[in-house]
Amino acid sequence: MSASDQLSFTDYVQHMLERYRGERITRFDYAGEIFWLKQPEKLTGVWRILKPQPKAAFARELRTLSELNRKNAPVPQLMLFGEDFFVLKDGGVSIGSRLSDETLDATQKMQFVEDAAKALANLHQQGLIHGRPALRDMLWDNGKVLFIDFESRESKADLLSRKVRDSLIFIHSLGRTGELSDDEMKNCIEKYRTYCEKDVWQKTLATLRRYHWLYRFLLLFKSVAKRDLVAVYRMFENVPFD
């Protein structure tokens, strides 16, 4: 008989904490379901300078998750937490990973990104923003999309501007995905436009028009462009400006 069959959920989490103390992320099974235990990062070397306050960052992330759970936002369920840990119920596989799955066909992959587009628009309609909604930060399970790794830093920008930033990051993320052709990317953007709040979409287009000069300048580096820059090209080339 396994430990999970003998212990309550709370006791089993304590058992996992003792066993994996200091591990940033630990997957575990309990009563036939999957959960994720997360703890503050333990940094060494130069990372102590680059990320000087891991416990403060962890506390911000926990506060953000707690607030989003209270608002019934599309995020994994927060099952248990303490000062130095929290446990989330599994929400599926990231859409970024699913797009890399060679066993899935193009129709299935388009469904994932269309579901992602609708989920982001719905999140915005709840008056919420993500901060960096890349496909790797969206989980998919049987048509349901959940968001992870919300940007927890405070922003002084107004809500509309933050939604626009979300939209641009999402579209850029589509462009980073080599598994999507330009036509598939255009179709997904078109779907997002139909779901998106009108003022958000209009300001997203206005932002891209304002920076079109930057796109023309960056074309000078096309021969040496890597994935992130290629995604910028694809964003300007596949967004419908009409």
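Is A117 buried or exposed? I looked that up to start, and A117 counts as buried because its relative accessibility is 0%. My cut-offs: buried is under 20% relative accessible area, exposed is over 50%, and partly exposed is in between, with a 1.4 Å probe and protein chains only.

**Ground rules**

I am working from a predicted model, where local features need pLDDT of at least 70, side-chain atom pairs count only at pLDDT 80 or more, and totals for chains, interfaces and linings use all residues. I number residues from 1 along each chain as its sequence is written, and side-chain values use heavy atoms, with hydrogens and water left out.

**Entry 1: around A117**

I placed A117 in helix α6, residues 106-125. Helices here are DSSP runs of H or I with at least four residues, strands are runs of E with at least two, and both are numbered from the N terminus. Then I asked what A117 touches once its neighbours within four places in sequence are set aside. I got F170, C188, Y192 and Y195, with contact meaning heavy atoms within 4.5 Å. I also checked C188 by backbone: its C-alpha is 7.1 Å from that of A117, although the two residues are 71 apart along the chain.

**Entry 2: the whole chain**

I counted 11 helices and seven strands in the protein. Along the principal axes, the C-alpha atoms fill a box of roughly 60 × 40 × 35 Å. Of the 242 residues, 43% are buried. I looked at contacts between residues at least 6 apart in sequence, and 61% of them join residues at least 24 apart.

For the surface I have about 13900 Å² accessible, and carbon and sulfur atoms own 50% of that. These areas come from the Shrake-Rupley method with a 1.4 Å probe, and for residues only the protein chains shown count as cover.

**Entry 3: charges and salt bridges**

I have 38 positive and 34 negative charges, and their mean positions are 6 Å apart. Lys and Arg count as positive, Asp and Glu as negative, while His and the chain ends are not counted. I took each charge to sit at NZ of Lys, CZ of Arg, CG of Asp or CD of Glu.

Why look for pairs? Side chains of opposite charge can pair when their charged atoms come close. My rule for a salt bridge is a side-chain nitrogen of Lys or Arg within 4 Å of a carboxyl oxygen of Asp or Glu. That rule gives 10 salt bridges, and I wrote up three pairs, below.

- R21 pairs with D84, with the closest N and O atoms 3.3 Å apart. This one links distant parts of the chain, 63 residues apart: R21 is in the loop between α2 (9-19) and β1 (25-30), and D84 is in the loop between β3 (78-82) and β4 (85-89). R21 is partly exposed at 45% relative accessibility, and D84 is partly exposed at 35%.
- K89 pairs with E33, and here the closest N and O atoms are 3.0 Å apart. This also links distant parts of the chain, with K89 in strand β4 and E33 in strand β2 (residues 33-38), 56 residues apart. K89 is partly exposed at 27% relative accessibility, and so is E33 at 35%.
- E67 pairs with K71, the closest N and O atoms being 2.9 Å apart. I have E67 as partly exposed at 36% relative accessible area and K71 as partly exposed at 42%.

**Entry 4: odd phi angles**

Most residues other than glycine have a negative phi. I noted A31, which is not a glycine and has a positive phi of about 55°. A31 lies in the loop between β1 and β2 and counts as exposed because its relative accessible area is 61%.

D149 has a positive phi of about 55° too, and is not a glycine either. I found D149 in the loop between β7 (144-147) and α7 (159-176), partly exposed at 30% relative accessibility.

**Entry 5: the α10-α11 loop and a nonpolar patch**

Which residues make the nonpolar surface patch of about 650 Å²? I listed Y211, W213, F217, L220, F221 and V224. Patches take residues with over 30% relative accessible area and no salt bridge; like charges are joined within 9 Å, and nonpolar side chains (Val, Leu, Ile, Met, Phe, Trp, Tyr) within 5 Å. V224 sits in the loop between α10 (212-218) and α11 (227-238), and counts as exposed at 56% relative accessibility.

K222 is also in the loop between α10 and α11, and is partly exposed at 46% relative accessibility. Not counting residues up to four places away in sequence, K222 touches Y233 and E237. Last, I checked K222 against P40: they are 182 residues apart in sequence and 40 Å apart in space, C-alpha to C-alpha.
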